[in-house]
Amino acid sequence: MAPDHPLEEAFALGADCVQVFLSDPQGWKKPRPRPDATELRTSPTPLYVHAPYLINVCSPRSNVRYGSRKILQQTCEAAGEIQAAAVVVHPGHAEDGVEAGIGRWARTLEMLESEVPLYIENTAGGENAVARRFDALARLWEAVSAPKADVEIGFCFDTCHAHAAGEELPDAVERVLAIVGRIDLTHANDSRDPPGTGADRHANLGRGTMDADVLREMIRAAGPPVVCETPGTADDMRSDLEFVRAALA
C-alpha cells in the first residue's frame with residue numbers, strides 16, 4: 001500500500017485493514033512524522049507497519065546489525081505515534097550460521113522498546129536465514145520467547161514465503177501453529193516462481209504457481225486479519241480481496 005493516503009485507498013478497495021511503510025523500504029532513513037497521524041490514530045481501520053527490508057539484526061557485521069537495530073527502534077517509535085496495530089519485520093540471516101543469528105535476535109529484543117507489538121515473519125530465502133525453514137523458525141521462536149523484554153512478540157505468516165522456502169503447504173499452517181501458538185497476521189500472496197526457489201516474488205491470488213485450493217485452505221487455516229501484498233491494479237487487488245473473503249467464509 002502506498003503510504004500517502006492509506007485510509008483513502010483502503011476505503012476505495014473495500015479493505016478491512018491496511019499495511020504501510022513509514023519510510024523507504026530499501027533505505028535506512030528515520031521515518032518522518034506523518035501529517036495524517038491524528039487521522040491514523042483515530043481510524044477504526046487496523047493499520048500494520050512493515051519495517052524496511054534492509055533490516056538484518058542477525059548479521060555478524062556490526063555496522064549492519066547496529067544500523068538494523070536503530071531503524072527497527074525508530075520504526076517502532078513511529079508506529080507507536082500513529083497507534084499502529086503492529087510492526088512486521090523480516091528476521092534476516094547470518095553469514096556465520098543460523099544459531100549465531102538467533103542469539104543476536106535475543107539480544108536485540110533485550111534492547112528494543114516498543115509500545116506496539118512486533119510481528120516476526122517467515123522468510124522466503126537466503127543462506128542461513130533464521131526463519132526460512134520451519135525447523136529454524138522453531139529455534140528462533142524459542143529464543144525470542146525467552147528474553148525478559150517489554151515488547152510483545154507475534155507472528156506473521158506469509159503464504160508465498162512458505163512456498164518459496166520449499167515447505168510442504170497442505171499442513172504448513174498446522175506445523176507453524178505448533179511452533180508459534182497463534183498467527184497474528186496473514187500475508188496472503190501467490191508466487192510467480194516454482195516452490196523451493198527462495199524467490200520472494202508475489203503474484204495475484206489464484207494466478208501464480210501455487211495450487212489455488214491449497215492457497216485457499218492456508219488462508220482459511222491461518223485466519224484473519226489478512227493483508228495482500230500483491231501486484232497490479234486496483235481491480236487486481238479487489239479480486240485478491242474477494243479470493244481471501246471467499247477462503248475465510
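**Notebook: helix α7 and other helices**

I began with what covers the buried residues of α7, and found α5 (134–145), β5 (153–158) and α8 among the elements that do so. The model I am reading is a predicted one.

**Entry 1: helix α7**

I looked up which residues of α7 are buried. Helix α7 runs over residues 172–180, and its buried residues include Ala172, Val173, Val176 and Val180. I then checked where these sit around the axis. They span an arc of only 90°, so they lie on the same side of α7.

Next I turned to the face pointing away from that buried side. There I noted Glu174 and Ala178, both exposed. I also followed the chain just past the end of α7, where Gly181 has a positive phi of about 90°.

**Entry 2: helices α8 and α9**

As α8 is part of the cover over α7, I went on to its packing with α9. I noted α8 as residues 212–222 and α9 as residues 234–248; their axes come within 8 Å and cross at roughly 70°. An angle from 65 to 115 degrees counts as roughly perpendicular, and therefore α8 is roughly perpendicular to α9. The crossing in which α8 passes α9 is right-handed.

I listed the residues that make this contact. From α8 they are Ala212, Leu215, Arg216, Ile219 and Arg220, and from α9 they are Phe243, Val244, Ala247 and Leu248. By type, I recorded seven nonpolar residues, two charged and no polar in the contact of α8 with α9.

**Entry 3: helices α3 and α4**

I looked at a second helix pair. Helix α4 covers residues 98–111, and α3 packs with α4 at an angle of about 40°, the axes being 11 Å apart. That angle makes α3 oblique to α4. I noted the crossing of α3 past α4 as right-handed.

On the α3 side the contact is made by Arg65, Arg69, Leu72 and Gln73, and on the α4 side by Arg104, Trp105, Arg107, Thr108 and Met111. I recorded four charged residues, three nonpolar and two polar in the contact of α3 with α4.

**Entry 4: Thr75**

Staying with α3, which runs over residues 62–81, I looked up Thr75, a residue of that helix. Is Thr75 buried or exposed? Residues under 20% relative accessible area count as buried; Thr75 has 2% relative accessibility, so I put Thr75 down as buried.

I then asked which residues Thr75 is in contact with, leaving aside its neighbours within four places in sequence. I wrote down Leu22, Pro31, Val49, Ala51, Pro52 and Val87.

Key. Residues numbered from 1 in each chain as written. Predicted model: local features only at pLDDT ≥ 70, side-chain atom pairs only at ≥ 80, totals over all residues. Heavy atoms only, no water. Axes fitted to C-alpha atoms, helices over the stretch in contact; angles between N-to-C directions. Helix = DSSP H or I, 4+ residues; strand = E, 2+ residues; numbered from the N terminus. Parallel < 35°, antiparallel > 145°, perpendicular 65-115°, else oblique. Left-handed = near helix turned anticlockwise from the far one by under 90°. Contact = heavy atoms within 4.5 Å. Nonpolar A, V, L, I, M, F, W, Y, C, P; charged D, E, K, R; others polar. Buried < 20%, exposed > 50% of the residue type's maximum accessible area, 1.4 Å probe, protein only. Arc of directions from axis to C-beta.
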